[in-house]
Amino acid sequence: MSWMILHNMIQIVYEEGDARSVLIQMVQSLQYARNRVDVISESQIKTYFAKPEWYKVGEKLAATHKSQKIGVFCCGNQSEIKLLRRFCKYVGLNITFHFHKENL
(Lines give C-alpha, C1' and ligand atoms only; values in the text may rest on other atoms or scores of the structure.)
Protein backbone atom coordinates (compact mmCIF):
# COMPACT_ATOMS: atom_id res chain seq x y z
CA MET A 1 0.00 0.00 0.00
CA SER A 2 1.28 3.46 -0.82
CA TRP A 3 0.43 6.62 1.09
CA MET A 4 1.11 10.21 0.20
CA ILE A 5 1.60 12.60 3.08
CA LEU A 6 2.61 16.13 2.29
CA HIS A 7 4.00 18.79 4.58
CA ASN A 8 4.86 22.28 3.38
CA MET A 9 7.46 24.04 5.46
CA ILE A 10 8.21 27.65 4.70
CA GLN A 11 11.37 28.53 6.51
CA ILE A 12 11.39 32.01 7.88
CA VAL A 13 14.17 33.78 9.72
CA TYR A 14 12.65 33.25 13.14
CA GLU A 15 12.61 30.06 15.19
CA GLU A 16 9.31 28.36 15.94
CA GLY A 17 7.46 30.19 18.72
CA ASP A 18 9.15 33.54 18.07
CA ALA A 19 6.70 36.41 18.68
CA ARG A 20 7.37 37.82 15.20
CA SER A 21 6.05 34.70 13.50
CA VAL A 22 3.24 33.88 15.91
CA LEU A 23 0.56 35.96 14.13
CA ILE A 24 0.74 34.07 10.82
CA GLN A 25 0.84 30.79 12.73
CA MET A 26 -2.29 31.79 14.69
CA VAL A 27 -4.17 32.71 11.51
CA GLN A 28 -3.07 29.42 9.94
CA SER A 29 -4.15 27.39 12.97
CA LEU A 30 -7.58 29.01 13.13
CA GLN A 31 -8.24 28.61 9.42
CA TYR A 32 -7.05 25.01 9.41
CA ALA A 33 -9.04 24.10 12.54
CA ARG A 34 -12.26 25.55 11.13
CA ASN A 35 -12.09 24.44 7.51
CA ARG A 36 -9.12 22.02 7.19
CA VAL A 37 -7.82 24.39 4.50
CA ASP A 38 -4.35 25.93 4.46
CA VAL A 39 -4.04 29.74 4.17
CA ILE A 40 -1.14 29.52 1.68
CA SER A 41 -1.88 26.56 -0.58
CA GLU A 42 -5.68 26.70 -0.16
CA SER A 43 -5.59 22.91 0.10
CA GLN A 44 -5.54 20.37 2.92
CA ILE A 45 -1.73 20.35 2.85
CA LYS A 46 -0.84 22.31 5.96
CA THR A 47 2.01 24.82 5.76
CA TYR A 48 4.30 25.30 8.74
CA PHE A 49 5.99 28.67 9.22
CA ALA A 50 9.30 28.46 11.02
CA LYS A 51 12.77 27.04 10.74
CA PRO A 52 12.08 23.33 11.25
CA GLU A 53 13.96 21.22 13.74
CA TRP A 54 14.55 18.42 11.23
CA TYR A 55 15.41 15.73 13.76
CA LYS A 56 12.14 16.30 15.65
CA VAL A 57 10.26 16.17 12.34
CA GLY A 58 12.07 12.93 11.45
CA GLU A 59 11.39 11.36 14.82
CA LYS A 60 7.65 12.09 14.48
CA LEU A 61 7.59 10.65 10.97
CA ALA A 62 9.57 7.59 12.06
CA ALA A 63 7.16 6.95 14.94
CA THR A 64 4.13 7.25 12.66
CA HIS A 65 5.48 5.55 9.52
CA LYS A 66 7.76 2.77 10.75
CA SER A 67 9.94 1.01 8.16
CA GLN A 68 8.60 3.12 5.29
CA LYS A 69 10.32 5.15 2.60
CA ILE A 70 9.73 8.89 2.62
CA GLY A 71 10.67 11.31 -0.14
CA VAL A 72 12.08 14.65 0.96
CA PHE A 73 12.05 17.52 -1.52
CA CYS A 74 13.98 20.71 -0.80
CA CYS A 75 14.31 24.05 -2.51
CA GLY A 76 16.43 26.57 -0.63
CA ASN A 77 19.86 27.91 0.11
CA GLN A 78 22.92 25.66 0.04
CA SER A 79 23.43 25.55 3.82
CA GLU A 80 19.85 24.38 4.39
CA ILE A 81 20.14 21.83 1.57
CA LYS A 82 23.32 20.41 3.15
CA LEU A 83 21.66 20.23 6.57
CA LEU A 84 18.60 18.46 5.19
CA ARG A 85 20.69 16.05 3.10
CA ARG A 86 22.71 15.16 6.24
CA PHE A 87 19.46 14.65 8.13
CA CYS A 88 18.16 12.25 5.45
CA LYS A 89 21.26 10.07 5.87
CA TYR A 90 20.73 9.84 9.64
CA VAL A 91 20.68 6.14 10.45
CA GLY A 92 19.30 6.29 13.98
CA LEU A 93 15.69 6.17 12.80
CA ASN A 94 13.70 3.14 11.61
CA ILE A 95 12.78 4.86 8.34
CA THR A 96 14.35 5.58 4.94
CA PHE A 97 14.47 9.13 3.61
CA HIS A 98 15.12 9.76 -0.08
CA PHE A 99 16.49 13.28 -0.59
CA HIS A 100 15.76 15.37 -3.70
CA LYS A 101 16.61 19.01 -4.28
CA GLU A 102 15.49 21.65 -6.70
CA ASN A 103 18.13 24.04 -7.95
CA LEU A 104 17.34 27.71 -7.95
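## Burial around Trp54

A residue counts as buried when its relative accessible area is under 20%. In this predicted model, Trp54 sits at 14% relative accessibility, so Trp54 goes down as buried.

## Trp54 meets Phe87

Let's turn to the rings. There are three aromatic pairs here. Take Trp54 and Phe87: their ring centres are 6.4 Å apart and the planes meet at 35 degrees, so this pair is tilted. It's a contact between distant parts of the chain, with Trp54 in helix α2 (residues 54-64) and Phe87 in helix α3 (residues 78-88), 33 residues apart.

What about Phe87 itself? The relative accessible area of Phe87 is 3%, so Phe87 is buried.

## Phe87 meets Phe97

Phe87 also pairs with Phe97, with 5.0 Å from centre to centre and 50 degrees between the planes, which makes for another tilted pair. Again distant parts of the chain are linked: Phe87 belongs to helix α3, while Phe97 lies in strand β4 (residues 96-101), 10 residues apart. Phe97 has 9% relative accessibility, so Phe97 is buried as well.

## The cluster

Put the rings together and you get one aromatic cluster, made up of Trp54, Tyr55, Phe87 and Phe97. Phe87 takes part in both tilted pairs described above, with Trp54 and with Phe97.

Conventions:
Residues are numbered from 1 along each chain as its sequence is written. This is a predicted model: local features need pLDDT of at least 70, side-chain atom pairs count only at pLDDT 80 or more; totals for chains, interfaces and linings use all residues. Side-chain values use heavy atoms; hydrogens and water are left out. Rings of Phe, Tyr and Trp (its six-membered ring) pair if their centres lie within 6.5 Å; planes under 30 degrees apart count as stacked, over 60 as edge-to-face and the rest as tilted. Helices (H or I, at least four residues) and strands (E, at least two) are DSSP runs, numbered from the N terminus. Buried means under 20% relative accessible area, exposed over 50%, partly exposed in between (1.4 Å probe, protein chains only).
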